[in-house]
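The exercises below are to be worked with the sequence and the coordinates at hand. Each task is followed by a solution in steps.

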Amino acid sequence: MMSAKTAVKLTEGSIEKQILHFAWPILLSSIFQQLYNITNSIIVGNYISKTALSAVSATNAICNIYNFLFYGLGTGAGIVVATYFGASRNREIKKSIDTAITFAVVGGIILTIASEMMIPFFLKVTNVNPELYKMASDYLAVYFIGNIAVFLYQMGFFILRSMGDSKHPLYYLILSSIINIVLGVIFVRLFNLSVMGTALATIISQFVVDVLVLKLLINLEENIRFDIRNIEFDYKIAQKICSLGIPAGIQNMMIALSSMMIQSYINKFPNEIIAGIGVAERINVFAQIPMSAISTVTVNMVSQNMGAQKYDRARDTVKYSIKMATIVTIICSIFVFMTSELWVSMFNRDAMVIESGSMMIRMMVFSNIFIGWSHVYHGAIRGSGNVKIPMINAVFSQCIIRFLFVYFGLMVVYDVRILYLSGAVGYTCAGVIATLYFKFSKWTKNVQLR
């Protein structure tokens, strides 16, 4: 049973060891988290058709709108819990957990209903080809049912990690990923449910995670556990979660909306290119996983140490995190660059899909170094309570700059390589701006973050 006494205090001990100890379960969790995304594409690409893969790829940006919102709000809840945990304020920890879980359930239901109603709008905005429309619509109709499940487990995972437990989310995601793969194959191969089968497998596996997370939260130490018979919903804490989480959620949603608009340009190209780009984006996420894990550690360590007023330790955390993130991202980027065709061929063996996907990977993968800097510096800034600057930077660099690059680039030369490069342009801008703000702004100096 995890308790406030047995959970990991990130305010004590060797910083380097704690980053590594805390990061590896998050890293593996992120890998299995991404398996949710790529499993559906692999199954439909190999067991259904190239058209089905294109349809699922065409919905990537749409699905991410909600996934990013849930991730942002989960981040806000994690910061609140971590701050109280670092200060050993158990009553506030319980209120924060109760408020976050209630928020996730009620908000998840509302957003599930809203998303189902907006499917025709999403498909119209992204210019989904008539040939792909039926499959894309069927996939989203089933996939969106799982919105409540995704919201709930994101909240649960951030709560657990904020108290130093990064292993249970890993164990749960491993089990859930296995269920997703097995059910996906069964529903597609045996029951011929096509793309709806892969979406159904995903939401079933996600609800399994919810049950496990809630069971763990219910079994916490008595003074902080989630008790459905004694829920202490606190409006002030809810406002704090929203004030920290909504900017991050808006940031991520804006990135998703920008990607959805760019997807409308992608969808004008042949289906093989649509599929190749969708596959490349999923593969590139894997090169980002190590630095994303380190940035998650940074948020929690900085939050706990700020709550405990250990400012030197918070600053050292950022320094070590940047070094580690840069090194591992370079290694991962080199590996993905050299093996890009192999990874793309796992999704579909069509020559044009492989060529399109592998070319995009090679053109954007090294920009992950810059987005790694952005994640770590923004994580430290959020952990210190400033969520507006990361939002502004991300929206400017990954939405506005990227979209303008595509819009004007395609006007100058109508070449698919403009689309391949757009992500790299956005990532690079985000990393440079985040670094400059962290190192030279008055705010980071005033809060003793540097």
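**Exercise 1.** In which helix do F370 and W373 both lie, and how many residues apart are they?

Solution. Some conventions come first. The model is predicted, with local features needing pLDDT of at least 70 and side-chain atom pairs counting only at pLDDT 80 or more, while totals for chains, interfaces and linings use all residues. Residues are numbered from 1 along each chain as its sequence is written, and side-chain values use heavy atoms, with hydrogens and water left out.

Step 1. Helices are DSSP runs of H or I with at least four residues, strands are runs of E with at least two, and both are numbered from the N terminus.
Step 2. F370 and W373 both belong to helix α15 (residues 368-383). They are three residues apart, about one turn of the helix.
Step 3. An α-helix has 3.6 residues a turn, so residues three or four places apart point the same way.

**Exercise 2.** Find how many aromatic pairs the whole structure holds, and classify Y139 with Y143 and F370 with W373.

Solution. Step 1. Rings of Phe, Tyr and Trp (its six-membered ring) pair if their centres lie within 6.5 Å; planes under 30 degrees apart are stacked, over 60 edge-to-face, and the rest tilted. A search of the whole structure returns 21 aromatic pairs.
Step 2. Y139 and Y143 are stacked, at 5.7 Å centre to centre with 25° between the planes. Both are in helix α6 (residues 130-143), four residues apart.
Step 3. F370 and W373 are edge-to-face, with 5.2 Å between centres and 70° between planes.
Step 4. For accessibility, buried means under 20% relative accessible area, exposed over 50%, and partly exposed in between (1.4 Å probe, protein chains only). Y139 and Y143 are both buried. F370 counts as partly exposed because its relative accessibility is 25%, and W373, at 24%, is partly exposed too.
Step 5. Y139 and Y143 also belong to a cluster linked by ring pairs, whose members include Y66, F70, F103 and F151.

**Exercise 3.** Which salt bridges do K94, K95 and R315 form, and where do the partners lie?

Solution. Step 1. The criterion is a side-chain nitrogen of Lys or Arg within 4 Å of a carboxyl oxygen of Asp or Glu. Eight salt bridges are found in the whole structure.
Step 2. K94 pairs with D98 at 2.9 Å, N to O. Both residues are in helix α4 (residues 90-117), four residues apart, so about one helical turn separates them. D98 and K94 are both buried.
Step 3. K95 pairs with D234 at 3.8 Å, N to O. K95 is in helix α4, whereas D234 is in the loop between α9 (194-218) and α10 (235-266), so this pair ties together parts that are 139 residues apart in sequence. D234 counts as buried because its relative accessibility is 17%.
Step 4. R315 pairs with D312 at 1.9 Å, N to O. They are three residues apart in helix α12 (residues 311-338) and therefore separated by about one helical turn.

**Exercise 4.** Find how many disulfides there are, and explain why C63 and C429 form none.

Solution. Step 1. A disulfide is a pair of cysteine sulfur atoms within 2.5 Å. The count by this rule is zero.
Step 2. The closest cysteine sulfur to that of C63 is in C399, 18 Å away, so it is too far for a bond. C63 is buried, at 6% relative accessibility.
Step 3. For C429 the closest cysteine sulfur is also in C399, at 12 Å, again too far for a bond. C429 is partly exposed, at 26%.

**Exercise 5.** Which residues touch the most other members of the largest nonpolar core, and which helix gives the most to it?

Solution. Step 1. A nonpolar core is a set of buried Ala, Val, Leu, Ile, Met, Phe, Trp, Tyr and Cys residues joined through side-chain atoms within 4.5 Å.
Step 2. The largest core has 121 residues, and M163 and L419 touch the most other members. Helix α11 (residues 271-307) gives the most to this core, with 16 residues.
Step 3. Another core, of five residues, lies apart from it and has C399 among its members.
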